[in-house]
Amino acid sequence: MISSSSNRLTGWLLGGFFLFLLAGCSVYSFTGTNIDPAVKTISIATFQNNASNGPSFLAQRFTEDFKDYFQRNTTLKLVPRDGDLQFEGAITAYDFAPAAIQREGNIDQAGQNRLTIQVQVKFVNTKDPLQDLEQTFQSSDSFSATEDITTINNDPRVRVITNNIITDVFNKSVANW
């Protein structure tokens with residue numbers, strides 16, 4: 001037979017455990033974000049394309065993908081400007097260079113080319129300025145040497161490169177990784 005004091009103790013322990021869980025859920029979400037509940041809005045300025053050889057559509061597509069990612073992975077309301085969280089920046093490099101040199105006969109030639117994209121990002125958290133950051137993020141991928149830059153500009157792998165950058169920015173700014 002179990003005593004009533006034992007039942008009471010079990011009830012207190014379970015109640016305390018659930019209160020602990022509820023208290024922890026006020027800031028953490030299942031998407032991995034660590035956003036203060038006071039933060040309600042986000043503004044994302046159009047990223048400029050300052051890379052000399054990037055495709056003309058890159059800035060607009062990067063900005064839209066950036067907005068989509070944050071809207072999918074947070075509950076923040078996107079506002080045109082002055083959000084609680086603010087992002088702005090520029091694509092600073094779109095570099096296409098040989099990555100793997102192969103020797104065929106007496107000639108050195110690229111076996112693969114590497115596309116590297118760099119984006120300078122400024123993040124402002126109006127609710128907690130200690131989290132502000134300004135940093136360059138980059139990602140790259142290799143392509144066959146037989147592919148020219150115009151083919152690569154329209155390749156879905158370019159979007160993989162930019163999505164890697166967006167994920168890194170997300171993790172550094174709101175997931176605090």
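**Exercise 1. In this predicted model, find the residue of strand 4 that stands opposite serine 43, then work out how the strands around it are joined.**

Start with the partner: serine 43 faces glutamine 86 in strand 4. Next, place that contact in its pairing. Strand 1 covers residues 41-44 and strand 4 covers residues 85-104. The two run parallel, with three bridges joining them.

Now look at strand 2, residues 48-49, which also runs parallel to strand 4 and is joined to it by two bridges. Here asparagine 49 has isoleucine 91 as its bridge partner.

**Exercise 2. Write down the order of helices and strands along the chain.**

Count the pieces first: four helices and six strands. Then read along the sequence, and you get α-β-β-α-β-β-β-β-α-α.

**Exercise 3. Work out which rings pair with phenylalanine 62, and describe the geometry.**

Begin with the total, which is ten aromatic pairs in the structure. One of them is phenylalanine 47 with phenylalanine 62, with centres 5.0 Å apart and planes at 80°. Anything over 60 degrees counts as edge-to-face, so this pair gets that label. Phenylalanine 47 sits in the loop between strand 1 and strand 2, while phenylalanine 62 belongs to helix 2, so the pair ties together parts 15 residues apart in sequence.

The second partner is phenylalanine 66: this pair is tilted, at 5.9 Å centre to centre and 45° between the planes. Phenylalanine 62 and phenylalanine 66 are about one helical turn apart because four residues separate them in helix 2.

Finally, check burial. Phenylalanine 47 and phenylalanine 62 are both buried, and phenylalanine 66 is buried as well. Zooming out, one aromatic cluster takes in Phe47, Phe62, Phe66, Tyr69, Phe70, Phe87, Phe123 and Phe170.

**Exercise 4. Find the residues with the most contacts inside the largest nonpolar core, and trace what phenylalanine 70 touches.**

This core has 34 residues, and Phe66, Phe70, Phe87 and Ile117 have the most contacts inside it. Two or more residues come from each of strand 1, helix 2, strand 4, strand 5, strand 6 and helix 4.

Now take phenylalanine 70 and skip its neighbours within four places in sequence: that leaves contacts with Ile42, Ile44, Phe87, Phe170, Ser173 and Val174.

**Exercise 5. Put numbers on burial, contacts and surface for the whole chain.**

Of the 177 residues, 35% are buried. Among contacts with a separation of 6 or more, 67% are between residues 24 or more positions apart. For the surface, the chain exposes about 10,700 Å², with 54% of that supplied by carbon and sulfur atoms.

Note on methods. Residues numbered from 1 in each chain as written. Predicted model: local features only at pLDDT ≥ 70, side-chain atom pairs only at ≥ 80, totals over all residues. Heavy atoms only, no water. Pairing = 2+ DSSP bridges. Core = buried A, V, L, I, M, F, W, Y, C linked by side-chain atoms within 4.5 Å. Buried < 20%, exposed > 50% of the residue type's maximum accessible area, 1.4 Å probe, protein only. Contact = heavy atoms within 4.5 Å. Areas by Shrake-Rupley, 256 points an atom, 1.4 Å probe, with all protein chains shown as cover. Phe/Tyr/Trp six-rings, centres within 6.5 Å; stacked < 30°, edge-to-face > 60°.
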